[in-house]
Amino acid sequence: MYSVSDGPPSLAVRQCLKALNLDYKLINVDFGLGEHMTEEYAKKNPQKEIPVLDDRGFYLGESNAILQYLADKYGQDDKLYPKDLQTRAIVNHRLCFNLSTYYRYISEHVMAPIFFAYSRTPLSLKKVYIALDNFNTYLQRTGTKYAATDNITIADFQLVTATMCLEAINFDFSSYKAVSKWYDTYKKEYPDLWAIVEGGMKEIAEFEKNPPDLSHMDHPIHPVRKN
Ligand SMILES: N[C@@H](CCC(=O)N[C@@H](CS)C(=O)NCC(=O)O)C(=O)O
């Protein structure tokens, strides 16, 4: 599994591998060195993004697809990724919500300005509040302990890592009561999984204080900060 140590999608997949008790080789990709931007890496993932799963020569990018594949293939039961159609649809919905809205908005506000020449703006902040409000509403509506059911599912792995980005910059989301409660419950009930997330959080918190120098990078999309 190709992973970047502070990358939320990578941390989501690592939690899943741990929850499934799988033995695997972790290959750390150095984002700062642009190890994911080489033609060699593009053979594994043409999108040149991290993470990538290599399951004995079966290469898969997009962390949601990786989580779904791992849980289906290696789950002892269907708790992490339920087979019941409506429950599974809710899990799939939360994964899509995370990709399209929740992590997207959090990442635009928290992560992009740490690594590249972007700013936190009233609009990026407003989007984070919208994302939190949406998730809070979903948790209230299902009334479940976790994002989709009373057990953790692969959706929680994504939503927890996204939420961790807020904690990394001391963003106060305590007024979103259902989100706060869910997040605290996860930390308490799954300390081994949280430890994986926390490792990434510490790195992000450090970068928030001392932003990394990526001025050497020739990035195809993001504006590089010139120091
Ligand atoms: N939708 C992808 C996003 C993966 C992603 O964007 N990963 C970041 C690292 S956290 C990346 O590789 N970015 C490439 C770049 O910015 O050059 C997923 O969920 O796997």
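**Exercise 1.** State which residues the UniProt annotation "domain: GST N-terminal" covers, and describe the chain over residues 1–78.

*Solution.* The UniProt annotation, from an unreviewed entry, assigns "domain: GST N-terminal" to residues 1–78. In this predicted model, the chain over residues 1–78 is 38% helix and 13% strand. The end C-alpha atoms of that stretch are 22 Å apart.

**Exercise 2.** List the residues that surround the ligand, and sort the shell by class.

*Solution.* Step 1: the ligand is surrounded by Val 4, Gly 7, Pro 9, His 36, Glu 49, Ile 50, Pro 51, Glu 62 and Ser 63. Step 2: by class, this shell has 4 nonpolar, 3 polar and 2 charged residues.

**Exercise 3.** Describe how helix H6 and helix H8 are arranged.

*Solution.* Step 1: two packed helices are described by the angle and the distance between their axes. Step 2: the axes of H6 (residues 154–168) and H8 (residues 191–209) come within 9 Å and cross at roughly 35 degrees. Step 3: the crossing of H6 and H8 is right-handed. Step 4: H6 contributes Val 160, Thr 161, Met 164, Cys 165, Glu 167 and Ala 168 to the contact, while H8 contributes Val 197, Gly 200, Met 201, Ile 204, Ala 205 and Glu 208. Step 5: by class, this contact has 8 nonpolar, 2 polar and 2 charged residues.

**Exercise 4.** Decide whether Val 197 is buried or exposed, and name the residues it touches.

*Solution.* Step 1: Val 197 lies in helix H8. Step 2: Val 197 counts as buried because it has 22 C-beta neighbours inside 10 Å, and the cut-off for a buried residue is 20 or more. Step 3: leaving aside residues up to four places away in sequence, Val 197 touches Leu 11, Gln 15, Val 160, Thr 161 and Met 164.

Notes. Residues are numbered from 1 along each chain as its sequence is written. This is a predicted model: local features need pLDDT of at least 70, side-chain atom pairs count only at pLDDT 80 or more; totals for chains, interfaces and linings use all residues. A residue is near a molecule or strand if its C-beta atom, placed from the backbone, lies within 6 Å of it. Ala, Val, Leu, Ile, Met, Phe, Trp, Tyr, Cys and Pro count as nonpolar, Asp, Glu, Lys and Arg as charged, and the others, Gly among them, as polar. Axes are lines fitted to C-alpha atoms, for helices over the stretch in contact, and angles run from 0 to 180 degrees between N-to-C directions. Helices (H or I, at least four residues) and strands (E, at least two) are DSSP runs, numbered from the N terminus. A crossing is left-handed if the near helix is turned anticlockwise from the far one by less than a right angle, and right-handed if clockwise. Two residues are in contact if their C-beta atoms, placed from the backbone, lie within 7 Å. UniProt positions are given in the numbering used here, feature names are shortened, and annotations may be inferred rather than shown by experiment. A residue is buried if 20 or more other C-beta atoms lie within 10 Å of its own, exposed if 12 or fewer, and partly exposed in between; C-beta atoms are placed from the backbone.
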